[in-house]
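Biologist: I'd like to learn to read features off a model. Walk me through them, please, one at a time.

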Amino acid sequence: SLTDHCNLRCLYCMPDDMTFRPNADLMQDGEILYFTRLFASLGFIKIRLTGGEPTVRANLVEIVTGIAATPGIETVTMTTNGVLLSRLAKPLAQAGLKRVNISLDSLNPANFKRLTFRGDLEEVWEGILAAEEAGLTPVKINAVIVAGHNEEEVVDLVRLTLGVGPCQFIL
């Protein structure tokens with residue numbers, strides 16, 4: 001986990017009164033790379049970056065570069081809400097990121113905003129397309145189904161996995 005910070009407030013994930021740790025209390029870049037080297041020496045070959053929301057982490061591209069360059073590490077992946085991927089997908093792929101897992105709980109813009117409290121579905125969709133264009137494939141989609149909020153969208157979300165639309169996804 002690169003950070004506890006997030007740029008969304010998904011109703012199933014983050015309470016209204018959430019307070020984040022000061023950046024100084026988070027693992028610093030050098031510590032992340034130290035643990036990567038340690039894990040690689042123990043036989044780990046895959047690193048998954050998570051958060052909070054990892055794309056809000058300062059120096060993310062440099063961190064990915066360092067992790068990907070670590071001897072023994074074969075794959076670096078990231079779980080993200082996709083909001084910032086439209087501008088980060090290409091630099092992250094160039095840094096050595098191989099795949100992304102993106103949260104997408106609704107295909108309805110109004111419902112998406114209700115679930116995330118501030119999210120813009122179009123930004124996430126642009127991030128998904130940017131990830132595919134950058135070669136961060138297969139793009140995996142996570143959907144949290146919340147009773148009374150998005151259960152009527154399950155079929156539409158599953159259609160994404162069948163190649164209906166501009167991309168093919170794994171749900």
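Modeller: Labels first: helices (H or I, at least four residues) and strands (E, at least two) are DSSP runs, numbered from the N terminus. This is a predicted model, where local features need pLDDT of at least 70 and side-chain atom pairs count only at pLDDT 80 or more, while totals for chains, interfaces and linings use all residues. Residues are numbered from 1 along each chain as its sequence is written, and side-chain values use heavy atoms, with hydrogens and water left out.

Biologist: Let's use those labels. How many residues apart are Asp156 and Arg159 in helix α6?

Modeller: They sit three residues apart in α6 (residues 154-161), which means about one helical turn separates them. Their side chains meet in a salt bridge with an N to O distance of 2.7 Å. The cut-off is a side-chain nitrogen of Lys or Arg within 4 Å of a carboxyl oxygen of Asp or Glu.

Biologist: What's the general idea there, and how many salt bridges does the structure hold?

Modeller: Side chains of opposite charge can pair when their charged atoms come close. Here the total is three salt bridges. Arg57 forms one with Asp29, and the closest N and O atoms are 2.8 Å apart. That pair links distant parts of the chain, since Arg57 is in the loop between β1 and α2 while Asp29 is in helix α1, 28 residues apart. Another joins the side chains of Arg21 and Asp25 at 3.9 Å, N to O.

Biologist: Is Arg57 buried or exposed?

Modeller: For that, use relative accessible area: under 20% is buried, over 50% exposed, and in between partly exposed, with a 1.4 Å probe and protein chains only. Arg57 has 11%, so it counts as buried. Its partner Asp29, at 25%, is partly exposed. Go through the other pairs with that scale: Asp156 is partly exposed at 34%, and Arg159 is partly exposed at 39%. Asp25, with 45%, is partly exposed, and Arg21, with 46%, is partly exposed too.

Biologist: On to rings. How many aromatic pairs does the count come to?

Modeller: A pair of aromatic rings is described by the distance of the centres and the angle of the planes. Rings of Phe, Tyr and Trp (its six-membered ring) pair if their centres lie within 6.5 Å; planes under 30 degrees apart are stacked, over 60 edge-to-face, and the rest tilted. By this rule there are three aromatic pairs. One of them is Tyr34 with Phe35, edge-to-face, at 5.5 Å centre to centre with 75° between the planes. Tyr34, Phe35, Phe39 and Phe44 belong to one aromatic cluster. Phe39 comes from helix α1 (residues 29-41).

Biologist: And which residues make the nonpolar surface patch of about 650 Å²?

Modeller: Met27, Tyr34, Phe35, Leu38, Phe39, Leu42 and Phe44 make it. Patch members have over 30% relative accessible area and no salt bridge; like charges are joined within 9 Å, and nonpolar side chains (Val, Leu, Ile, Met, Phe, Trp, Tyr) within 5 Å. The areas are Shrake-Rupley values with a 1.4 Å probe, and for residues only the protein chains shown count as cover. Check a few members: Tyr34 is at 45%, Phe35 at 34% and Phe39 at 32%, each of them partly exposed.

Biologist: Now the inside. Which residues of helix α2 are buried?

Modeller: In α2 (residues 60-68) they are Leu60, Ile63, Val64 and Ile67. Down the axis they fall within an arc of 100°, so they line one face of the helix. That arc is taken over the directions from the helix axis to the C-beta atoms. Their cover includes α1, β1 (46-49), β2 (75-80) and α3 (85-95), counted by contact, meaning heavy atoms within 4.5 Å.

Biologist: What is Ala130 in contact with, leaving aside its neighbours within four places in sequence?

Modeller: Leu85, Ser86 and Ala89. Ala130 is found in helix α5 and is buried, at 15%. Its C-alpha atom is separated by 9.6 Å from that of Gly82, 48 residues apart along the chain.

Biologist: Last, the backbone. Which residues does a cis peptide bond join?

Modeller: Thr137 and Pro138, with omega about 0°. Pro138 lies in the loop between α5 (121-133) and β4 (140-142). Look at phi as well: Asn59 is not a glycine, yet its phi is positive, near 65°. Asn59 sits in the loop between β1 and α2 and is partly exposed at 39%. Phe117, also not a glycine, has a positive phi of about 70°. Its place is the loop between α4 (109-116) and α5, and at 48% Phe117 is partly exposed.
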